[in-house]
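Work through the exercises below with the sequence and the coordinates at hand. Each task is followed by a worked solution.

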Amino acid sequence: MKNQQPTLFQQGGEVRLPPPPAKFSTRNDPFRLVTKTLGLILCIVTLPEILPAGAGEFLVFQRQGRKAIPRIMIGQQAYLPVTDLLHVLDLPYSESASAGFVQIVAGKNRLKLTKGQSQAMLNETSIPLSAPVVVFNNQWLAPPDFVSRALGRVLSEKIAVAPSGNAFAVGETGFARLNVRLAEPAGTLSVQASTSIAAEIRHEGSRVVFAFGNAPVDLVGQDTVQKPDWIRSVDLHQTEAANQLVIELADKTLTAKVTHLASQNIYLVEASRQAGTEPKAGAFGELPRPMAEAWKWRHITVDAGHGGQDRGVAIRESLFEKDVALAIARKLRWALENRLGVSVVLSRPEDQLLRLEDRVAAANLARSNLFISIHTGNGAASPAAYSYAYTAQLSNDEGSSREPKSARSLFVPWGEAQRSSLVWSQRLAECLQAEMNRALNGGESLAFRRSPLKVLSALAMPAVLVEIGNARVSDFQAKAESDQFQNLVAATLVAAVEKFRALHERP
Ligand SMILES: [Zn+2]
């Protein structure tokens, strides 16, 4: 059964059946029966319009598994059956129907709820609740914030409340928030978790299932998501039996590939058509074409090459490419932010090992308008310390396409993302090369270079890699670490980016 977790891309025709009504107490105490009947009559007499209805369930995550307790709606207010929760948590309590209160005993603490009061009493202290405590069908009902505001204070273990308010986790650090959104290249869906979390991925026909075991997860960020044509629904199915995110593809001829970017807790879902199946004309509409519209630069990714154990080229004793690249990248970020007024992110802000896939994913997910990767040169054959700009070199479409025509892909494949931006990347490389020739290459007329660089080919924006100087040349070895030289490099790159912006941006 599905519970009432927020539903992304909810379908218009979907009908949710309410779960069976909450169980009545089976105790046959005549006094309780009277109270129950009185309570029912009272409720009907005084509040005729707010009859309770079943509305899914709350889920309690514990180390030994998950337990569901009914979620009861009275009007617009969700209610939690207090004694059901106390049974799950194995907390002793006493209730007095005649006096109209229930009291929880936890160590030295007494937590008391009184019928009709919008508060809980913790020993002598009043804790406000968002709605009054209600007794209905012989059940003590409290608003869900009773857990975070009051009960959490008397438990020996921490209890975390899911952002949706529909689940609690006992003894855990809290819920991993799952953020599902569209990503680049167009037609990719990103599932990002707020903390590291293991998921078993299953492909079940046209469904992709992320099974999270007993790890507490919750779905957030649905308001920013627009449903793409290739997805029918994205739902979190959370019950005692299942704890999984289900992505339902639009039809059976679609298959999805899932890529895990472990260092960023991201799963990328890309769909493509199976070979031999023809899509219905117009079924998927046009892919988004942001380039056709007026738009302004917002975001630039500056990528310092190498890092961590990957030291790059040794420039001289205890000075490596990774250090010079990072120093220049930091200066470039500062200069870009101050001159261009756009946000700049370093793919690695410090000396750390970072995979190419992660550098690419960060820039694509941030929808960067530009990507510049900083390296130093190592030209064994060249006696000079010239700086060069590089663009990706992609395989030619004609005749050498690796994919047969029948295996039509709906979306730009991850590794080919650069293709639609390549012309702009070349313009950017021209601008960079011209400025570097003037300021760093002694006025030489050198051309930018093309290379089948993996990092560039997967980027969905104008992207270049620059190689500054030459680690084999003593003049460069001497100045590579100096602030003066690094500032000159940053200023040169910024001047080129400003010229490129005038061509590329459409204000
Ligand atoms: Zn390098």
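The model is predicted.

**Exercise 1.** Find how strand 14 and strand 21 pair, and place them in their sheet.

Solution. Start with the pair: strand 14 (residues 188-193) and strand 21 (residues 266-273) run antiparallel and share five bridges. One of the residue pairs is serine 190 with its bridge partner leucine 268 in strand 21. Next, extend to the neighbours: the open sheet has five strands, ordered 17-13-14-21-20, with mixed pairing. Strand 17 (217-220) and strand 20 (254-261) are the edges, as each pairs on one side only. From one strand to the next, the twist averages 25°.

Finally, look for a helix on this sheet: helix 5 (residues 356-365) packs there and touches strand 13 (176-183), strand 14, strand 20 and strand 21. The direction of helix 5 makes about 115° with that of strand 20.

**Exercise 2.** Decide whether glycine 56 is buried or exposed.

Solution. First locate the residue: glycine 56 belongs to strand 1 (residues 53-62). Then count: 22 other C-beta atoms lie within 10 Å. The cut-off for a buried residue is 20 or more, so glycine 56 is buried.

**Exercise 3.** Compare the span of helix 6 with the expected value, and state what covers its buried residues.

Solution. Helix 6 (residues 422-439) has 18 residues. At 1.5 Å a residue, 26 Å is expected; from first C-alpha to last the helix reaches 25 Å, which is close to that. Its buried residues include Trp424, Leu428, Cys431 and Met436. Among the elements covering the buried residues of helix 6 are strand 27 (388-392), strand 29 (463-468) and helix 9 (483-504).

Note on methods: Residues numbered from 1 in each chain as written. Predicted model: local features only at pLDDT ≥ 70, side-chain atom pairs only at ≥ 80, totals over all residues. Pairing = 2+ DSSP bridges. Helix = DSSP H or I, 4+ residues; strand = E, 2+ residues; numbered from the N terminus. Axes fitted to C-alpha atoms, helices over the stretch in contact; angles between N-to-C directions. Contact = placed C-beta atoms within 7 Å. Buried ≥ 20, exposed ≤ 12 C-beta atoms within 10 Å, placed from the backbone. Expected span 1.5 Å × (residues − 1).
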